[in-house]
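Take the sequence and the model together and follow the chain from its pockets to its metal site and then to a few single residues.

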Amino acid sequence: MILNTNILLGAVAGDIIGSTYEFNNVKTKDFNLYPENSKFTDDTVMTIAVADALLKNKDFSENLWNFGRKYFHGRGYGGKFKNWLLNTDRKPYQSYGKGSVMRVSPVGFYAKNRDELFQKAVETCAPTHDCPESYNAAKYISLAIFMAKSGRDKKEIGDILDQKFPEYMIKQSLDEIRDYYVFDVSAEGTAPYSVKAFLESTDYEDAIRNAISIGGDSDTLGIITGAIAMAYYKEMPQEIADFVIQKLPEEFIEIMVEFDSKYNR
Ligand SMILES: [Mg+2]
């Protein structure tokens, strides 16, 4: 059975709740968490593929490719990634896009120390996002999750991230960001805003509301913020869990339960 404390559910719920707002931005925290046509998107598929590869010691490239092809239609993959899925040579193409940060979260839960954390974060990028910008952004998000699950407080998490990744430092508040933020394909234009949405939150639901309220790519901001928030708050409202679980294929649920039983510590 999948619980409202399941570590991957934190990420997946952010994607599903964000899914209807990506092309219909709401610039407010006051929105319906449960639109009927919400669904899991590419962000969830790739996150589950990474989790499954970590669990079963599979090759990341092969697993991303297999899951992407299996859950292909109507999931919102970017054009270049779609081409990668359609070709059999699986050649990396140095993407600096947000695909690297939307799928990295399982690494933050999996890793036992920082060396392993950064090494695995880079490995999840390498099949498609094999460039320094993507490696850096994936390390940044995985470190946020790693610190959040380890019981550091929000101030400390924010300070350490600013110190280690000054290039991502954002001085404005979410209220200010909400006025100017628009859709951004890059990892660097997405990752720091997801972190900000978490840092200004009071609980899991509030973090998701923050992430979606600034607009842009709502399901990607949702999945990253959701992962960090779950690592930190350790649970989500049962109502959100119930809504999200019925949107997921049985195969995903099995992987999520197994991953949680091994790495929720
Ligand atoms: Mg998506």
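The largest pocket of this predicted model holds about 530 Å³ of space. Its lining consists of 26 residues. Nearest the centre lie Gly78, Ser95, Gly97, Lys98 and Gly99. Which elements give two or more residues to this lining? They are H2, helix H4 (79-86), helix H5 (99-102) and H13. By class, the lining has nine nonpolar, nine polar and eight charged residues.

The second largest pocket has a volume of about 220 Å³. Here 14 residues form the lining, and Gly158, Asp159, Asp162, Lys196 and Leu199 are the closest to the centre. Two helices each give two or more residues: helix H9 (154-164) and helix H11 (191-199). H9 gives the most, with six residues. The lining has eight nonpolar residues, five charged residues and one polar residue.

H9 also has a buried side to its story. Its buried residues are Lys154, Ile157, Gly158, Ile160 and Leu161. Gly158 thus appears in two lists: it is buried in H9, and it is among the residues closest to the centre of the second largest pocket. The buried residues of H9 pack against helix H8 (132-149), H11 and H13.

Now turn to the metal. Which residues coordinate the magnesium ion? The donors are Thr41 through OG1, and Asp42, Asp43 and Asp219 through OD atoms. The distances run from 2.1 to 2.5 Å. Along the sequence the donor residues follow the spacing T-D-D-x175-D. Two of them, Asp43 and Asp219, link distant parts of the chain, 176 residues apart. Asp43 sits in helix H2 (residues 42-56), and Asp219 sits in helix H13 (residues 218-233). Are these two residues buried or exposed? Both Asp43 and Asp219 are buried. H2 and H13 are also among the elements that give two or more residues to the lining of the largest pocket.

Next, H5, another of the elements that line the largest pocket. Ser100 is found in this helix. Ser100 counts as buried because its relative accessible area is 0%, and the cut-off is under 20%. Leaving out residues up to four places away in sequence, Ser100 touches Cys125, His129, Ser134, Ala138 and Ala187.

Two asparagines are buried as well. Start with Asn4, in the segment before helix H1 (7-18). Its relative accessibility is 16%, so Asn4 counts as buried. What does Asn4 contact, leaving aside its neighbours within four places in sequence? The list is Leu9, Met230, Glu235, Met236, Pro237, Gln238 and Ala241. With Met236 there is a polar detail: the backbone oxygen of Met236 lies 2.7 Å from a polar atom of the Asn4 side chain. As for Val104, 100 residues from Asn4 along the chain, the two C-alpha atoms are separated by 21 Å.

The other asparagine is Asn63, in helix H3 (residues 60-70). Asn63 counts as buried because its relative accessibility is 5%. Its side chain makes a polar contact with the side chain of Asp52, at 3.0 Å. Not counting residues up to four places away in sequence, Asn63 touches Ala49, Asp52, Ala53 and Lys58. Asp52 therefore appears both as a contact of Asn63 and as its polar partner, and Asn63 itself is buried at 5% relative accessibility.

Finally, look at the backbone. Most residues other than glycine have a negative phi. Asn57 has a positive phi of about 55 degrees, although it is not a glycine. Asn57 is found in the loop between H2 and H3. Is Asn57 buried or exposed? Asn57 is exposed, because its relative accessible area is 70%. Arg90 also has a positive phi, of about 50 degrees, and is likewise not a glycine. Its place is the loop between H4 and H5. Arg90 counts as partly exposed because its relative accessible area is 25%. That value falls between the limits of 20% for buried and 50% for exposed.

Definitions and conventions: Residues are numbered from 1 along each chain as its sequence is written. This is a predicted model: local features need pLDDT of at least 70, side-chain atom pairs count only at pLDDT 80 or more; totals for chains, interfaces and linings use all residues. Side-chain values use heavy atoms; hydrogens and water are left out. Donors are N, O and S atoms within 2.8 Å of the metal (3.2 Å for Na, K and Ca); water is not among the atoms, so sites may look incomplete. Helices (H or I, at least four residues) and strands (E, at least two) are DSSP runs, numbered from the N terminus. Buried means under 20% relative accessible area, exposed over 50%, partly exposed in between (1.4 Å probe, protein chains only). On a 1 Å grid over the protein atoms alone, a cavity is a set of points where a 1.4 Å probe fits but cannot get out, and a pocket is an open set with protein on both sides within 12 Å along at least five of seven lines; lining residues have an atom within 4 Å of a point. Grid points are joined across faces, edges and corners, and a volume is the space filled by probe spheres set on the points. Ala, Val, Leu, Ile, Met, Phe, Trp, Tyr, Cys and Pro count as nonpolar, Asp, Glu, Lys and Arg as charged, and the others, Gly among them, as polar. Contact means heavy atoms within 4.5 Å. A polar contact is a pair of N or O atoms within 3.5 Å; within protein, one must be able to donate a hydrogen and the other to accept it, and residues adjacent in sequence count only if both atoms are side-chain atoms.
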